[in-house]
Amino acid sequence: MAQFEAASQKSAQYPKPAGFILQYGTAGFRTNAKQLPHVMFRMGLLAVLRSLRTRATIGVMVTASHNPEEDNGVKLIDPMGEMLEMAWEAYATQLANAEQDGLVTALRDIIEREAINMDHSASVFVGRDTRPSSQSLSQAVQDGVSALGGHCQDFGLVITPQLHYLVCCQNTQGRYGDISVEGYYKKLSEAFIKITKNAPPRQPLRVDGANGIGALQLKAMEPHLQGQLTVLLTNDGSTGKLNHLCGADYVKVQQGAPQGMEMGLGERCCSFDGDGDRIVYYYKDDKGCFHLLDGDKIATLISTFIKELLTKAGLDLQLGVIQTAYANGSSTHYLEDSMKVTVRCVKTGVKHLHHAALEFAVGVYFEANGHGTVLFSKAAEEKIHQLAKDGSAAEERRNAALQLESTINLINQTVGDAISDMLLIEAVLAVKGLTVQQWDAIYTELPNRQLKVKVSDRRVINTTDAERKTTSPAGLQEAIDELNRKYRLARSFVRPSGTEDVVRVYAEAETRETADALAHEVSLAVYRLAGGVGEEPKPLH
Ligand code: 16G
Ligand code: MG
């Protein structure tokens, strides 16, 4: 077929370094930008095949999120704005790693296995972050799309969740929102203004934009908020380097303020990551101590708000909160015992949380690292809309339904979205009249510690029960159980990292000392029973 020959010839402009191998992981391909042109071109080709297979528009986002500026990466977005179907991750890997003379065969193989009809037309939306390499890499994606005869629309600089939104809008013929970045601003800001219209004025919010695209997009969106929220933006990209000493990942890992952030006592502050799909909040208390409000605290705030509205509206819709093993034990207890909501624990990785959240009428999911959103089932949305329209319903019920309706419009249901999450958090704090300290005080976190252990092959560790228990190597789980019994309110688990060549250890307990001691003793058990390399882990104190 001439089409393939043309694509293959064009691909010679983006030569693959011989023998270079990359894996499409949980967050797509990610590595040093210099190694990526051929991967980008080929992801353009794959997006065309995926579009033909689904008969829908597919998204391709060029970003490496919170990685250093020299890196880049690419993620594909499925028709409803979800992440690429898992079975296709393998095709992505196959295509990216095919040598030049095997490219046509690799394409043919996918086409055959998926029974793709090449006679239809394909449509791909492309977006990119602010990295210096992103523009030319985005061009490589677009060249890949054109090489297979697909139609490409370039949205330029957008946060990852905006591209998810745009793809979903396009494939729902505009029912999810207008198919433009303006449409995104409009949908979210109108919903925010509706929820907060009767709330008293608030202090401004300090936002660390990680020197990335989130800062640019928030700046562009702010006028649409019509003064209902004042944002003081730092790390807006005008001088600093992307993700350098700033951003959500930095703040979460360092447990400290990003560079450039002037935190007044008690002021609300938040940080986005480099592509605007993660957010964490923080503040400094009267004694100058730094406090982080991570994904667990965000999930608790949002689910409490929604649960109260559902109760006021008299709607019997099951609310579930999805967490991973990393969720602080106090958050789980608070949700189950005080809030009486169903909590489910799943494996680490956004797609697992997203998938589990779909099983509830209202599914709230957040990873502790700040990636998360809320999903409303179609039936739940329908019930809420009915009640909001029902003139005969009691005013309190109807008002609650109207607030829920605005919440549905405000939250980006396609994927975790720093701007949308931020606006929902700000709306909840405003409506409930909560300060950031009061939000933080909803429950007190158990002290916890995360450590890494180097082993010769981390695949010897196998886990079950949403990664909370190990099934191998022999004796490890028994050792961990025994250590957990040593301390009050103790819980710990270990799992092989999906992104780094290490085993991760998590421990929590009643005090800082016991949490640290437990983390160290569990690390030692891993080191001894799972083939530790290098020096034996040392106590933290
Ligand atoms: C990836 C995942 C994130 C997860 C992290 C765990 C996505 C988009 N990202 O970054 O959800 O928390 O991996 O890393 O799924 P680890 O396996 O190294 O602990
Ligand atoms: Mg990100």
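Start by selecting Y176, K187, K378, E381 and Q413, which lie nearest the centre of the second largest pocket, a site lined by 31 residues in total. A pocket here is an open set of points on a 1 Å grid over the protein atoms alone, with protein on both sides within 12 Å along at least five of seven lines, whereas a cavity is a set of points where a 1.4 Å probe fits but cannot get out; lining residues have an atom within 4 Å of a point.

Before going further, note that this is a predicted model, in which local features need pLDDT of at least 70 and side-chain atom pairs count only at pLDDT 80 or more, while totals for chains, interfaces and linings use all residues. Residues are numbered from 1 along each chain as its sequence is written, chains are lettered from A and ligands numbered from 1 in the order in which they are written, and side-chain values use heavy atoms, with hydrogens and water left out.

**The pocket and its walls**

The second largest pocket has a volume of about 820 Å³, where a volume is the space filled by probe spheres set on grid points that are joined across faces, edges and corners. To see its walls, colour α6 (160-171), α7 (181-196), α12 (350-357), β14 (372-376), α13 (378-389) and α14 (395-410), the elements that each give two or more residues to the lining. Helices (DSSP runs of H or I, at least four residues) and strands (runs of E, at least two) are numbered from the N terminus. The largest share of this lining, six residues, comes from α7. By class, the pocket lining holds 11 nonpolar, 11 polar and nine charged residues, counting Ala, Val, Leu, Ile, Met, Phe, Trp, Tyr, Cys and Pro as nonpolar, Asp, Glu, Lys and Arg as charged, and the others, Gly among them, as polar.

**Helix α6**

Next, select α6 and draw a line between its end C-alpha atoms, which are 17 Å apart, in agreement with the 16 Å that its 12 residues should span at 1.5 Å a residue; the expected span is 1.5 Å times one less than the number of residues. Of those 12 residues, 11 are buried, so the helix is largely enclosed by the rest of the structure. Buried means under 20% relative accessible area, exposed over 50%, and partly exposed in between, with a 1.4 Å probe and protein chains only. What covers the buried residues of α6 includes β2, β3, β4 (123-128), β5 (151-157), α7 and α8 (213-221), judged by contact, meaning heavy atoms within 4.5 Å. Just after α6, look at Q173, whose phi is positive, near 50°.

**Two cavities**

The structure holds two cavities of 30 Å³ or more. The largest, with a volume of about 70 Å³, is found by selecting its lining residues, among them Y24, K75, M83, E89, H164 and K351. H164 is also one of the buried residues of α6. For the second largest cavity, with about 40 Å³ of space, select Y165, Y176, Y184, K187, L188, N409, I411 and N412. Here α7 again gives the largest share of the lining, with three residues.

**The magnesium ion**

Move now to ligand 2, a magnesium ion coordinated at 2.0 to 2.2 Å by S65 (OG), D273 (OD), D275 (OD) and D277 (OD). S65 lies in the loop between β2 (57-62) and β3 (71-77) and D277 in the loop between β8 (269-272) and β9 (279-284), so this pair ties together parts that are 212 residues apart in sequence. Donors are N, O and S atoms within 2.8 Å of the metal (3.2 Å for Na, K and Ca), and sites may look incomplete because water is not among the atoms. Both S65 and D277 are buried.

**A buried leucine**

Select L45 in helix α2 (residues 37-54), which is buried with a relative accessible area of 0%. Leaving aside neighbours within four places in sequence, L45 is in contact with A7, L95, L103, L107, G144, V145, A147 and L148.

**Backbone details**

Finish with three loops. N235, in the loop between β7 (231-234) and α9 (248-254), has a positive phi of about 50° although it is not a glycine. E467, in the loop between β16 (462-464) and β17, likewise is not a glycine and has a positive phi of about 70°. The last stop is the peptide bond from S472 to P473, which is cis, with omega near 0°; P473 is found in the loop between β17 (469-472) and α17 (476-486).
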